[in-house]
Amino acid sequence: MKKLCFEMPVVSQCSVYSCAYNVNSGCHAKAITIGDRKNPNCDTFLSATDHCKETKLSAGVGACKVEACKYNKDFECRAEKISVGFAKKTTYCLTYKV
Ligand code: SF4
Ligand code: SF4
């Protein structure tokens, strides 16, 4: 497997406990994708009762499709870190700002 190494904003906290990647309020996917162009929902959310076993690293934001956010540049997130939770009855990037 080829290893990639680059800087990404970190997912510092996530309160979507029903997601497979969530363990103790942390997201442990390698990287997540935010947004569907209009809404800053978590596109990586996976509803499951079992959760990932690898929890050493916190996820990064690999891509974000919400151009309206002030932190978005060239379809990437430029915030230092983000937090994810629920808003508007869906998963939501709580760092989203216009
Ligand atoms: S940030 Fe997204 S993928 Fe990560 S635990 Fe939260 S809902 Fe799941
Ligand atoms: S802070 Fe803005 S640019 Fe970054 S992931 Fe959230 S919605 Fe996307």
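These questions and answers walk through a predicted model of a protein and its two ligand shells.

Q: How many strands are there in the protein?
A: The model is predicted, and its elements come from that model. From the N terminus on, the elements run β-β-β-β-β-β-β-β-β. Helices number zero, and the strand count is nine.

Q: What is the radius of gyration of the protein?
A: The elements run β-β-β-β-β-β-β-β-β from the N terminus. For 98 residues the globule rule gives 13 Å, and the protein comes close to that, so it is as compact as a globular protein of that length. Its radius of gyration is 13 Å.

Q: What box do the C-alpha atoms of the protein fill?
A: The box is taken along the principal axes. Its dimensions are roughly 35 × 35 × 20 Å.

Q: What share of the residues of the protein count as buried?
A: A residue counts as buried when its relative accessible area is under 20%. The protein has 98 residues to sort this way. The buried share is 36%.

Q: What percentage of the contacts with a separation of 6 or more comes from residues 24 or more positions apart?
A: A contact here means heavy atoms within 4.5 Å. Take the contacts in the protein with a separation of 6 or more, then pick out those between residues 24 or more positions apart. They account for 67%.

Q: How much of the exposed area do carbon and sulfur atoms supply?
A: The protein exposes about 6800 Å². Of that area, carbon and sulfur atoms supply 53%.

Q: How many charged residues are in the shell around ligand 1?
A: The residues around ligand 1 include C14, V16, C19, Y21 and N22. Also among them are C27, I32, C42 and F45. By class, nine are nonpolar and two are polar. The number of charged residues is zero: there are no charged residues.

Q: How many nonpolar residues are in the shell around ligand 2?
A: Ligand 2 is surrounded by residues including I34, P40, C64, C69 and Y71. C93, T95 and Y96 are among them too. Two residues of this shell are polar, none is charged, and the nonpolar count is nine.

Q: Is N22 buried or exposed?
A: N22 is found in strand 2, residues 22-23. It is also one of the residues around ligand 1. Its relative accessibility is 4%, and the cut-off for burial is under 20%, so N22 is buried.

Q: Which residue has its backbone oxygen 3.0 Å from a polar atom of the side chain of N22?
A: Leave out residues up to four places away in sequence, and N22 touches C14, S15, V16, Y17 and H51. The polar atom of the N22 side chain lies 3.0 Å from the backbone oxygen of C14.

Q: Where is C93?
A: C93 is buried, with a relative accessible area of 8%. It touches I34, P40, I82 and S83, not counting residues up to four places away in sequence. Its place is in strand 9, residues 90-93.

Q: How far apart in space are C93 and I82, C-alpha to C-alpha?
A: Both residues are among those around ligand 2. In sequence, C93 and I82 are eleven residues apart. In space, C-alpha to C-alpha, the distance is 7.0 Å.

Q: Which backbone oxygen does the side chain of H28 reach at 3.5 Å, besides that of T55?
A: H28 lies in the loop between strand 3 (26-27) and strand 4 (31-34). H28 counts as buried at 15% relative accessibility. A polar atom of its side chain lies 3.5 Å from the backbone oxygen of T55. The side chain also reaches, at 3.5 Å, the backbone oxygen of V23.

Q: What value is phi of R37 near?
A: Most residues other than glycine have a negative phi. R37 lies in the loop between strand 4 and strand 5 (60-64). It counts as exposed at 51% relative accessibility. Its phi is positive, near 85°.

Q: Is K88 buried or exposed?
A: K88 sits in the loop between strand 8 (81-87) and strand 9. Its phi is positive, near 55°. With 69% relative accessibility, K88 counts as exposed.

Q: What distance separates the C-alpha atoms of K2 and T55?
A: K2 is found in the segment before strand 1 (10-14). At 74% relative accessibility, K2 counts as exposed. K2 and T55 are 53 residues apart along the chain, and their C-alpha atoms are separated by 21 Å.

Note on methods
Residues are numbered from 1 along each chain as its sequence is written. Chains are lettered from A and ligands numbered from 1 in the order in which they are written. This is a predicted model: local features need pLDDT of at least 70, side-chain atom pairs count only at pLDDT 80 or more; totals for chains, interfaces and linings use all residues. Side-chain values use heavy atoms; hydrogens and water are left out. Helices (H or I, at least four residues) and strands (E, at least two) are DSSP runs, numbered from the N terminus. Buried means under 20% relative accessible area, exposed over 50%, partly exposed in between (1.4 Å probe, protein chains only). A polar contact is a pair of N or O atoms within 3.5 Å; within protein, one must be able to donate a hydrogen and the other to accept it, and residues adjacent in sequence count only if both atoms are side-chain atoms. A residue is near a molecule or strand if one of its heavy atoms lies within 4 Å of it. Ala, Val, Leu, Ile, Met, Phe, Trp, Tyr, Cys and Pro count as nonpolar, Asp, Glu, Lys and Arg as charged, and the others, Gly among them, as polar. The radius of gyration is taken over C-alpha atoms; the globule rule is 2.2 Å times the number of residues to the power 0.38. Accessible areas come from the Shrake-Rupley method with a 1.4 Å probe; for residues, only the protein chains shown count as cover.
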